[in-house]
Amino acid sequence: MFTVSTKGRLLVATPPLEDPNFDRAVIYVLEHHDEGAIGVVINRPTEEALDAPLDRWIELQSAPSSIFRGGPVETSAMVALGRSVGPIVEDHELMTAITDDVVSVDLTADPALAAADVAQLRVFRGYAGWGDHQLDAEIDAGAWLVVDGDADDLFTDRPSELWRDVLARQDGRLAWLAEAPDDLSLN
């Protein structure tokens, strides 16, 4: 049943996705294979700032420099993603490549060591996770649109507009969804 990996792509929730955790969510997929998938919601900033000892990373954070609500799974877990200044040829102790320019960053490392390789940083509390073939089934059922994204989406300074922005740049009828009202009963 597994079709194609969505790793490094965006999942855009179709309206109305009934789970409030994912209503109008844009998810950046970190991993997707036969055993499941993991991603982070990239358009849900919070008012929470990094506390010690993680506050050492604040200078590398992209605006808005708050912690994002990455998803409902393991909400005590922190996930950091960065934009690398150049292609990461192989993983090393500070970061692991997800795509050519997006890496996961080890927040236990010294940010001064990462600063030479990471241009931008986003920190997420929790993540979204799917079991065996669960994401594939949700995509097949029409709950998610799978679209290409880029690092600018992940590090946008307008995360609250990202759902509409991503849809608006799609071809054809998908772009129409960008104008869907928040409350579909008003349509």
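This passage walks through the salt bridges, strand pairings and nonpolar cores of a predicted model.

A good place to start is with the charged side chains. Across the whole structure, a search finds 6 salt bridges, and three of them are described here in turn. One is formed by lysine 7 and glutamate 31, whose side chains meet at a nitrogen-to-oxygen distance of 3.6 Å. Lysine 7 belongs to the segment before strand S1 (10-13), while glutamate 31 sits in strand S2 (residues 26-33), so this salt bridge ties together parts that lie 24 residues apart in sequence. Lysine 7 is partly exposed, with a relative accessible area of 32%. Glutamate 31, at 32% relative accessibility, also counts as partly exposed.

Another salt bridge links aspartate 152 with arginine 83, with an N to O distance of 2.6 Å. Aspartate 152 is found in helix H3 (residues 151-154) and arginine 83 in strand S5 (residues 73-84), so the pair connects parts separated by 69 residues in sequence. With a relative accessibility of 48%, aspartate 152 is partly exposed.

The neighbouring position in the numbering, aspartate 153, deserves a paragraph of its own. Aspartate 153 is likewise part of helix H3, and its salt bridge partner is arginine 169, the closest N and O atoms being 2.5 Å apart. Because arginine 169 lies in the segment after helix H4 (162-168), this pair ties H3 to a part of the chain 16 residues away in sequence. The side chains of aspartate 153 and arginine 169 are also joined by a polar contact of 2.5 Å. Is aspartate 153 buried or exposed? Its relative accessibility is 5%, and because buried means under 20%, aspartate 153 counts as buried. Arginine 169, by contrast, is partly exposed, with a relative accessible area of 41%. Leaving aside residues up to four places away in sequence, aspartate 153 touches Leu10, Ile42, Leu162, Val166 and Arg169.

Strand S5, the home of arginine 83, also takes part in strand pairing. S5 and strand S8 (residues 118-130) run antiparallel and are joined by 8 bridges. Within this pairing, alanine 80 stands opposite valine 123 in S8. S5 pairs with strand S7 (residues 102-105) as well, again in the antiparallel sense, over 3 bridges. Here leucine 81 is the residue that stands opposite serine 104 in S7. In a regular strand, side chains alternate between the two faces of the sheet.

The nonpolar interior can be described next. The largest nonpolar core holds 24 residues, and the members that touch the most others are Tyr28, Val40, Ile42, Leu81, Phe124 and Leu154. Two or more residues of this core come from each of S1, S2, S5, S8, strand S9 (144-147), H3 and H4. Which element gives the most to this core? The answer is H4, with 4 residues.

Phenylalanine 124 offers a closer view of these contacts. Not counting residues up to four places away in sequence, its contacts include Val40, Ile42, Leu81 and Leu154, which are also listed among the core members that touch the most others. Phenylalanine 124 further touches Val41, Ile67, Phe68, Gly70, Ala77, Met78 and Val79. A second, separate core is made up of 17 residues, including Leu60, Ile67, Ala109 and Val118.

Definitions and conventions:
Residues are numbered from 1 along each chain as its sequence is written. This is a predicted model: local features need pLDDT of at least 70, side-chain atom pairs count only at pLDDT 80 or more; totals for chains, interfaces and linings use all residues. Side-chain values use heavy atoms; hydrogens and water are left out. A salt bridge is a side-chain nitrogen of Lys or Arg within 4 Å of a carboxyl oxygen of Asp or Glu. Buried means under 20% relative accessible area, exposed over 50%, partly exposed in between (1.4 Å probe, protein chains only). Two strands pair if DSSP finds at least two bridges between them. A nonpolar core is a set of buried Ala, Val, Leu, Ile, Met, Phe, Trp, Tyr and Cys residues joined through side-chain atoms within 4.5 Å. Contact means heavy atoms within 4.5 Å. A polar contact is a pair of N or O atoms within 3.5 Å; within protein, one must be able to donate a hydrogen and the other to accept it, and residues adjacent in sequence count only if both atoms are side-chain atoms.
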